[in-house]
Amino acid sequence: MVTAPERSRGVCQCDNSEAVSGPCYPSSLTDEMWEIIQPLLPVRDLRKGGGVREYGDRLVLDSVFYVLRSGCQWRMLPLDLMPWDAAHRWFTTWRRDGTWDRVHGELRSWVRIAAGRDREPSAAVIDAQSIKTSEGGEARGFDAGKRTTGRKRHVIVDTMGLLLVVAVTSASVQDRAGGRIVLTRLAAGFRTVAWVWADGGYANSVDSTLLSWARDALNLAVEIVKRTDDVKGFKVLPRRWVVERSFGWLVRNRRLARDYERLSATSEAMIKVAMIRLMLVRLAGQPSRWSHDSQRKAARSTTVEDLITA
């Protein structure tokens with residue numbers, strides 16, 4: 001009996017020998033991406049003792065990226081990846097020991113150098129995004145302006161749209177209050193940045209103290225990019241579109257389409273993981289494998305003659 005070719009998985013060319021069974025998923029690391037990130041992962045000191053690890057770092061990353069891209073619960077990880085509790089434990093461990101921060105910072109520098117930029121940025125763009133959350137968890141409030149109950153992501157990106165600083169707060173926190181948090185982190189971590197662009201929500205006729213505070217306390221010049229009153233409808237504004245595009249990159253990951261985390265620190269770590277995968281794709285020179293579209297097209301083009309001769 002002639003059967004149609006498999007369409008759900010396709011044929012994987014990656015070295016996924018650490019998996020329990022089966023080929024990799026569209027969210028999994030390719031061999032080129034793995035070669036880039038492997039030297040940045042922590043090396044275990046055998047002198048401190050401990051048993052032999054059952055699961056390798058590549059399988060940890062594949063499991064975390066699966067949760068990120070699919071938006072599934074940790075307990076719903078496929079059986080051919082690693083157990084959900086082990087994957088969550090490693091994700092939390094790397095959040096607490098700073099592994100995600102260190103890998104993210106190094107990859108960002110490599111992407112900037114590959115694009116012909118300086119290793120460290122000199123200018124940045126700030127903005128905030130209100131996002132709905134699931135019930136429960138810390139730092140959950142109501143944004144009266146966006147009519148959204150959940151959390152707010154305060155981010156600062158460089159002129160390429162790469163993440164520099166992120167802070168997740170309750171949605172009830174005003175942009176100006178959240179701006180002080182991320183600007184303080186920016187000044188502490190990126191002393192080369194001297195200029196920051198922002199929208200009108202960070203300074204208006206009622207409260208414009210953020211500009212003077214940033215100048216006097218942090219030595220940062222914050223410029224407000226205003227929307228002209230005579231413009232109607234949508235218009236791409238200079239500099240501000242860069243951070244809006246970054247928000248678009250983030251929400252392409254279903255785990256970030258809403259905020260499902262109970263801790264705001266976990267939300268911040270998941271945002272950095274999303275940027276890590278995006279930068280790995282760029283450095284590896286590969287398109288993002290969001291789906292098995294090529295396998296589906298090949299299956300649709302299969303003719304009856306092909307099936308008979310198979």
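A residue counts as buried here when its relative accessible area is under 20%. By that yardstick, strand S1, which spans residues 123-132 of this predicted model, is mostly covered: nine of its 10 residues are buried.

S1 has partners in two other strands. One is strand S3, residues 148-158, and the two run antiparallel, joined by nine bridges. A sample pairing from this stretch is Gln129 of S1, whose bridge partner in S3 is Arg153. The other partner is strand S5, residues 195-198, which pairs with S1 in the parallel sense over three bridges. Here Ala123 stands opposite Trp195, while Ala124 has Val196 as its bridge partner.

The pairing carries on from S5. Strand S6, made up of residues 221-224, pairs with S5 in the parallel sense, this time over four bridges. Val196 turns up again at this step, since its bridge partner in S6 is Val222. Following the bridges, then, leads from S3 to S1, from S1 to S5 and from S5 to S6.

Turning to the helices, H3 takes in residues 84-96, so 13 residues in total. From its first C-alpha to its last, H3 reaches 18 Å, close to the 18 Å expected at 1.5 Å a residue. Six residue names make up the buried part of H3: Ala86, Ala87, Phe91, Thr92, Trp94 and Arg95. What lies over them? The cover includes three other helices, namely H2 (57-70), H4 (99-114) and H9 (264-284). Just past the end of H3, Gly98 adopts a positive phi of about 85 degrees.

Next comes the packing of nonpolar residues. In soluble globular proteins, nonpolar side chains tend to be buried together. In this model, the largest nonpolar core holds 58 residues, and Ile37 and Leu61 have the most contacts inside it. Helix H9 supplies the largest share of this core, with 12 residues. Which residues does Leu61 touch, once its neighbours within four places in sequence are left aside? They are Leu29, Trp34, Ile37, Leu41, Trp94 and Trp100. Two of these names come up elsewhere: Ile37 is the other residue with the most contacts inside the core, and Trp94 is one of the buried residues of H3.

Apart from this core lies another, of 23 residues. Its members include Ala187, Val193, Ala198 and Ile224. Two of them tie back to the strands, with Ala198 falling within S5 (195-198) and Ile224 within S6 (221-224).

Technical notes: Residues numbered from 1 in each chain as written. Predicted model: local features only at pLDDT ≥ 70, side-chain atom pairs only at ≥ 80, totals over all residues. Heavy atoms only, no water. Expected span 1.5 Å × (residues − 1). Buried < 20%, exposed > 50% of the residue type's maximum accessible area, 1.4 Å probe, protein only. Contact = heavy atoms within 4.5 Å. Pairing = 2+ DSSP bridges. Core = buried A, V, L, I, M, F, W, Y, C linked by side-chain atoms within 4.5 Å.
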